[in-house]
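Here are some notes to read beside the structure. Please keep the 3D view open and find each element as you go.

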Amino acid sequence: MYERFSELDGATVGVWGAGREIRSFAAQLARRLPAARLAVAAFDAPPPADVHEALGAGARVVAGPQAAEALGGCDVVVRSPGVSIHRPELRALAAAGVPTRTATGLWLGERDGRRVIGVTGTKGKSTTAALACHLARARGLTVHLAGNIGAPALDLLDADPGELAVVELSSYQIADLEVGPEVAVVTSLFREHLDWHGSEEVYREEKLRLLGLPSVRAAVLNARSEAVIEAPLGARVSAVAYGTPEGWDVTTRGIELRGELALPGDELPLPGEHNALNLCGALTALEAAGVAVDQPARALAGFKALPHRLEAVAERDGLLWVDDSISTTPESTLAALASFPGREIVLIGGGQDRGQDYGGLAGELARRQATVVGMPSTGARLVAAARAAGLAPERAVEASGMEDAVARARELGRRGAVILLSPAAPSYDHYRDFEDRGERFSALAALR
């Protein structure tokens, strides 16, 4: 029940949050389903000043402690993805028989997953989704990019259902999806978002449940990730692997398709082996959706890196400044380091503490004889781990914040070095989000 947006007509609806997805949902509800009533809006923090403008004048606004009781009078609750399904308030609603959904889930239900490529993964999902969309458009197709990047999914309700949609899906959205995309892509899987899911095991389970959902017919899997390639599939789901010689793969020559060179390494649009694998994932996903790309180099013309993902933001005085603020785990920072082989690295790292294990990253920093500047809150742990791994104390220093970190990096970086913001931690302890953190770094890097 209430798996499709159209099923909400006549329902009493509650929402939790007023972010981009919820605002899109409220606008579509008012426009399309006049018999539905948005009755309750719940918030953890003070609601935004424009809450009634965004959600409608009739919604009762409640705070978190009152949410379960107020929302219990609704037929269905649509949550912002950031609101965990494991919260006691949502558990209480489920026990009372009130289903919770996301706006993206309601759109997927409405579309029954048809002509949808859904992309998830701990890292790489945004770039893979953007590449798939760009490549399909280069073939002359009308393609819609939605989810965490692109438009809110419900904004695609007017789109022709025969047109292709590429949707980036987070674990927050997958955790209670009822209907999956026709083609489900998993790029990577490692420790992340434990505060939302409660444990690493639950995170992996809720991420990978995408592969067993109704409507999924093809699973596109990164063969270089053991956790991904061995994931359980639904009974009617066929697996297609990339990162393997039997399909699209990355070699020392570039991108190959079943052993034949398709794109030389010097023509790749993005740095790093991980980004080359993301391209393989995008190409494989399109093939699974019936879209062949026989001239990747031509199709990739004009593609640019997404902001804050190994984005070169300044180059002066012999230093290259690179914004990789999206890297919120040690594993993604390791991939960023590997994108600059043979270059001296000054790494600016540290952020919100989610129990990161910095041992592997510290070992690579020591092996590369890099320099690391640690910012609060985890920077002290990162610096200590780097020193314990053998990095000289003068190459592993702490900074009080971003401005201090950039100044220290500028002092420590020698001509030819890469000053790399790749924090290996989330941003929420000091910034609105990773974009805010990256913009601050970029602004400081541009100063002489």
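The points below take the two sheets, then a helix pair, then a few backbone details.

1. The model. Keep in mind that this is a predicted model. Treat every angle and contact here as a property of that prediction.

2. The parallel sheet. Start with the open sheet of six strands, whose pairing is parallel. Across the sheet, the order is β7-β8-β6-β9-β10-β11. Which strands lie at the edges? They are β7, residues 143–147, and β11, residues 238–242. Each of these two pairs on one side only. On average, neighbouring strands here are turned by 20° against each other, with direction ignored.

3. A pair inside that sheet. Look at β6, residues 116–120, and β8, residues 164–168. They pair in the parallel sense, and four bridges link them. To find one bridge, start from Ile-117: its partner in β8 is Val-166. As background, strands of a sheet pair through backbone hydrogen bonds, either parallel or antiparallel.

4. A helix on the parallel sheet. Helix α6 spans residues 125–138 and packs on this sheet. Which strands does α6 touch? The helix touches β6, β7 and β8. The direction of α6 makes about 165° with that of β7.

5. The mixed sheet. Now turn to another open sheet of six strands, this one with mixed pairing. Read its order as β15-β16-β20-β17-β18-β19. At the edges stand β15 (311–316) and β19 (396–398). Each has a single partner strand, so one side of each is left without a neighbour in the sheet. From one strand to the next, the twist averages 20°.

6. A pair inside the mixed sheet. Strand β17 covers residues 345–349, and strand β20 covers residues 418–421. Their pairing is parallel, over four bridges. Ile-348 is a good place to look: Leu-421 in β20 stands opposite.

7. A helix across the mixed sheet. Helix α15, residues 379–388, lies across β17, β18 and β19. Relative to β19, α15 runs at about 160°.

8. Two packed helices. Two packed helices are described by the angle between their axes and the distance between the axes. Here, α16 (residues 402–412) and α17 (residues 434–445) pack at about 45°, and their axes are 10 Å apart. Why is α16 called oblique to α17? An angle of about 45° is neither under 35 degrees nor in the range 65 to 115, so the pair counts as oblique. The crossing is right-handed.

9. What the two helices bring to the contact. From α16 come Met-402, Glu-403, Val-406 and Arg-410. They meet Arg-437, Arg-440, Phe-441, Leu-444 and Ala-445 in α17. By class, the contact has five nonpolar and four charged residues, with no polar ones.

10. Backbone details to check. Most residues other than glycine have a negative phi, and most peptide bonds are trans. Now find the cis peptide bond joining Pro-376 and Ser-377, with omega about 10°. Ser-377 sits in the loop between β18 and α15.

11. Positive phi values. His-193 has a positive phi, near 55°. This residue lies in the loop between β9 (183–186) and α8 (194–197). Arg-258 also has a positive phi, near 50°. Find Arg-258 in the loop between β13 (254–257) and β14 (260–264). Is Arg-258 buried or exposed? Arg-258 is exposed, because its relative accessible area is 52% and the cut-off for exposed is over 50%.

Notes. Residues are numbered from 1 along each chain as its sequence is written. This is a predicted model: local features need pLDDT of at least 70, side-chain atom pairs count only at pLDDT 80 or more; totals for chains, interfaces and linings use all residues. Side-chain values use heavy atoms; hydrogens and water are left out. Two strands pair if DSSP finds at least two bridges between them. Axes are lines fitted to C-alpha atoms, for helices over the stretch in contact, and angles run from 0 to 180 degrees between N-to-C directions. Contact means heavy atoms within 4.5 Å. A crossing is left-handed if the near helix is turned anticlockwise from the far one by less than a right angle, and right-handed if clockwise. Ala, Val, Leu, Ile, Met, Phe, Trp, Tyr, Cys and Pro count as nonpolar, Asp, Glu, Lys and Arg as charged, and the others, Gly among them, as polar. Buried means under 20% relative accessible area, exposed over 50%, partly exposed in between (1.4 Å probe, protein chains only).
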